[in-house]
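Thanks, everyone. Please look at the screen; I'll talk about rings and charges.

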Amino acid sequence: MASEAEAARVFAPAKINLFLHVGGKRADGYHELESLVVFARAGDGLAFERADELSLTIDGPFAGALSPDPDNLVLKAARTLAALAGVRKGARIALTKNLPVASGIGGGSADAAAALRGLNVLWQMHLPSEELRTIAAQIGSDVPVCVESKPAWMEGRGEKVTALAGIPEASMVLVNPGVAVSTGKVFAALKERRGVGGPLPPTMKSVSGLVAFLRTTANDLEAPARGIAPIIGEVLDALASQPGVMLARMSGSGATCFALFESDAAAHDAAVAIETRHTGWWVQPTVLGT
Ligand code: C5P
């Protein structure tokens, strides 16, 4: 690899909404949200090299589900950053797509945020995270929280991000049944919502403390997403019936669901059991990082 100014590599971890409460619809058409967001050790990879023009290539297990057209969030992020900063530089970007697309774990948002981080290095712009988050908000609601990819309290449409300490590491399994769900359609089908205005989550020292807290919360998008894609219910049942499971829930607008487990061994055994029974589902044992 060449020196820092010539190339950069960035990891784009999967985003998990441990809970997601929805409030009213705003004048701009978006809904007020409140969500406890964490990141997994599983994710996509992005590599950046100096070039005259901007270009994107995609490989990896989910490359086939995406095309490197101008709408791709990575290119949108690159163009937005370049325009705002007045940069007239290109980049050769290579995305390794390990996460399923349109799946509620922020794949596209994590990639866009990683593009902002990577190009900030490649183009030697030295923009602070706060400024990158402001740019990120123009690309998508989930992009600001992915700029730092650390546990956070997310509010507003997604643009208000407060870093949270005190979330324990936990063994986790992610499962996606291979159905892409449109975030816009899920919000449009939403009937019941918990509303926003809750207190900041308390510091939680243990995974059982975290789970006890999460049981007082929900993902308001789970019911409408299940209405659109009933297979999400099968995913949740499969996760919830595994030995050592502590909590099973959908992330974001779905269809990916996560479950927290008592140990890494229990998470791995659960992943093997689910994968064996449901060929075609994406099953990923991982760790909720801090
Ligand atoms: O911002 P993003 O493009 O990810 O949002 C996709 C769609 O999800 C929006 O067009 C909107 O319909 C819905 N949405 C919403 N409220 C949010 C985030 C997204 O209604 N806070």
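Start with Phe19. Buried or exposed? Its relative accessible area is 3%. The cut-off for buried is under 20%, so Phe19 is buried. Keep in mind that this is a predicted model.

Now, how does Phe19 sit against Phe213? The two ring centres are 6.0 Å apart, and the planes meet at 70°. Planes over 60 degrees apart count as edge-to-face, so this pair is edge-to-face. Phe19 belongs to strand S1, and Phe213 to helix H6. The two residues are 194 residues apart, so the pair links distant parts of the chain. Phe213 is buried too, at 17% relative accessibility. Add Trp153, and you have one aromatic cluster with Phe19 and Phe213.

Next pair: Phe62 and Trp282. They are also edge-to-face, with 6.4 Å from centre to centre and 80° between the planes. Phe62 is in the loop between strand S3 and helix H1, while Trp282 is in strand S10. That is 220 residues apart. Phe62 is partly exposed, at 22%. Trp282 is buried, at 12%. In the whole structure, the search finds three aromatic pairs.

On to charges. What lies over the face of Tyr30? Arg157 does, at 4.0 Å from the ring centre.

Last stop: Glu222, in helix H7. Glu222 is buried, yet has no salt bridge. Which side chain of opposite charge is nearest? Arg226, 4.1 Å away. A salt bridge has to be within 4 Å, so Arg226 misses the cut-off. Still, a polar atom of the Glu222 side chain lies 3.0 Å from the backbone nitrogen of Met250. Beyond its sequence neighbours within four places, Glu222 contacts Leu236, Arg249 and Met250.

How values were computed
Residues numbered from 1 in each chain as written. Heavy atoms only, no water. Helix = DSSP H or I, 4+ residues; strand = E, 2+ residues; numbered from the N terminus. Buried < 20%, exposed > 50% of the residue type's maximum accessible area, 1.4 Å probe, protein only. Lys, Arg positive; Asp, Glu negative; His and termini not counted. Polar contact = N/O pair within 3.5 Å; in protein donor to acceptor, adjacent residues only side chain to side chain. Contact = heavy atoms within 4.5 Å. Phe/Tyr/Trp six-rings, centres within 6.5 Å; stacked < 30°, edge-to-face > 60°. Lys NZ or Arg CZ within 6 Å of the ring centre and 35° of its normal.
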